[in-house]
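The following questions and answers go through one protein model, residue by residue and pair by pair.

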Amino acid sequence: MVNDRDEVLVVQEAAGPLRGSGVWKMCTGLVDAGEDVPAAAAREVHEETGVVAIPSTILALRQAHGFGAAAKSDLFFCVGLRTAPGAADAPLVLQADEIAAARWMPLAEYEALPFWESRPLWRAVARRCVAWARGTHIGLPIAKLGNGFNGRDDLLVCGPVEGEEEEEERGGG
């Protein structure tokens with residue numbers, strides 16, 4: 001979640017594994033049944049901070065196994081979000097049961113957080129977030145396209161192919 005001032009929206013947890021640790025992190029949450037990942041990311045940011053976000057791209061995907069008593073697998077999507085026009089100037093409204101604090105942090109400060117030093121996976125995710133905010137990483141763009149079977153538009157997440165964008169916009173892709 002970045003704004004047009006090269007700042008990233010960060011929060012400290014009031015509940016969760018990082019509660020009370022002083023760690024600043026990106027907003028996170030769960031996808032509701034029937035909800036697309038990018039829409040879930042924007043919803044979570046709004047619920048946790050009051051900021052209206054526009055999803056743009058998938059920046060990273062982490063897969064892990066062994067969660068909970070049932071040892072389930074877990075997918076974590078890092079979604080590139082930008083503020084809606086004027087949203088970066090609105091006051092932050094915290095979801096008190098989940099978020100203890102929130103603020104806009106300069107990209108350079110976010111990139112240098114000590115939290116990343118001993119966590120190579122999360123350091124790699126943070127690098128991609130910062131690179132995307134600076135325009136040097138495009139991630140995997142997202143699009144809703146007709147599936148050609150039932151009139152439904154489905155989410156497509158994929159890298160760009162040269163010359164393909166115009167074809168997809170006409171509905172022929």
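Q: Where in the chain is the place of D6?
A: The model is a predicted one, and D6 can be located in it against the strands. D6 comes ahead of a strand rather than within one, and the strand in question is β1. The place of D6 is therefore the segment before β1.

Q: What is the phi of D6, which is not a glycine?
A: Most residues other than glycine have a negative phi. D6 is not a glycine, yet its phi is positive. The value for D6 is about 60°.

Q: Does D6 count as buried, partly exposed or exposed, and at what relative accessibility?
A: Buried means under 20% relative accessible area and exposed means over 50%, with partly exposed in between. D6 falls between these two limits, so the middle class applies. D6 counts as partly exposed, at 45%.

Q: Where is A71 found, and what is its phi?
A: A71 is found in the loop between β2 and β3. A71 is not a glycine, but its phi is positive. A71 is also partly exposed, with a relative accessible area of 49%. The phi of A71 is about 50°.

Q: How far apart are the closest N and O atoms of R5 and E7?
A: R5 and E7 form a salt bridge. R5 is partly exposed, with a relative accessible area of 41%, whereas E7 is buried, at 16%. The closest N and O atoms of the pair are 3.1 Å apart.

Q: Which residue forms a salt bridge with K25?
A: The partner of K25 lies in strand β1, while K25 lies in the loop between β1 and α1, so the pair ties together parts that are twelve residues apart in sequence. The closest N and O atoms are 3.6 Å apart, within the 4 Å limit for a salt bridge. The partner is E13.

Q: Are K25 and E13 buried or exposed?
A: The cut-off for buried is a relative accessible area under 20%. E13 has 12%, so E13 meets that limit. K25 is in the class of E13, and both are buried.

Q: How far apart in space are E13 and T28, C-alpha to C-alpha?
A: The place of E13 is in strand β1. E13 and T28 are 15 residues apart in sequence. In space, C-alpha to C-alpha, they are 10.0 Å apart.

Q: How much space lies in the largest pocket?
A: The largest pocket is lined by 43 residues. Those nearest its centre are K25, C27, T28, G29 and F76. The space in the largest pocket is about 1200 Å³.

Q: Which element gives the largest share of the lining of the largest pocket?
A: The elements that give two or more residues to this lining are β1, α1, β2, β3 and α3. The largest share is nine residues. That share comes from β3.

Q: How many residues in the lining of the largest pocket are nonpolar?
A: The lining can be divided by residue class. It has five polar and seven charged residues. The nonpolar residues in the lining are 31.

Q: What is the accessible area of the nonpolar patch formed by L61, L75 and F77?
A: F77 lies in strand β3. F77 has a relative accessible area of 32%, over the 30% needed for a patch, so F77 can be part of one. Together L61, L75 and F77 have about 280 Å².

Q: How many residues apart are D36 and K144, which form a salt bridge?
A: The closest N and O atoms of D36 and K144 are 2.6 Å apart. D36 is in the loop between β1 and α1 and K144 is in strand β5, so that the pair links distant parts of the chain. Both residues are partly exposed, D36 at 26% and K144 at 46%. The separation in the chain is 108 residues.

Q: Which residues do salt bridges that share partners join into one network?
A: A search of the whole structure finds twelve salt bridges. Some of them share partners, and those join their residues into one network. The residues joined are D32, E35, R43, E44 and E47.

Q: At what relative accessibility does W116 count as buried?
A: W116 is found in the loop between α2 and α3. W116 lies 27 Å from A39 in space, C-alpha to C-alpha, and 77 residues from A39 in sequence. With the limit for buried at under 20%, W116 counts as buried at 6%.

Note on methods. Residues numbered from 1 in each chain as written. Predicted model: local features only at pLDDT ≥ 70, side-chain atom pairs only at ≥ 80, totals over all residues. Heavy atoms only, no water. 1 Å grid on protein atoms, 1.4 Å probe; cavity = no way out; pocket = protein on both sides within 12 Å on 5 of 7 lines; lining within 4 Å. Points joined across faces, edges and corners; volume = space filled by probe spheres on them. Helix = DSSP H or I, 4+ residues; strand = E, 2+ residues; numbered from the N terminus. Nonpolar A, V, L, I, M, F, W, Y, C, P; charged D, E, K, R; others polar. Patch = residues over 30% accessible without salt bridge, like charges linked within 9 Å, V, L, I, M, F, W, Y side chains within 5 Å. Areas by Shrake-Rupley, 256 points an atom, 1.4 Å probe, with all protein chains shown as cover. Salt bridge = Lys/Arg side-chain N within 4 Å of Asp/Glu carboxyl O. Buried < 20%, exposed > 50% of the residue type's maximum accessible area, 1.4 Å probe, protein only.
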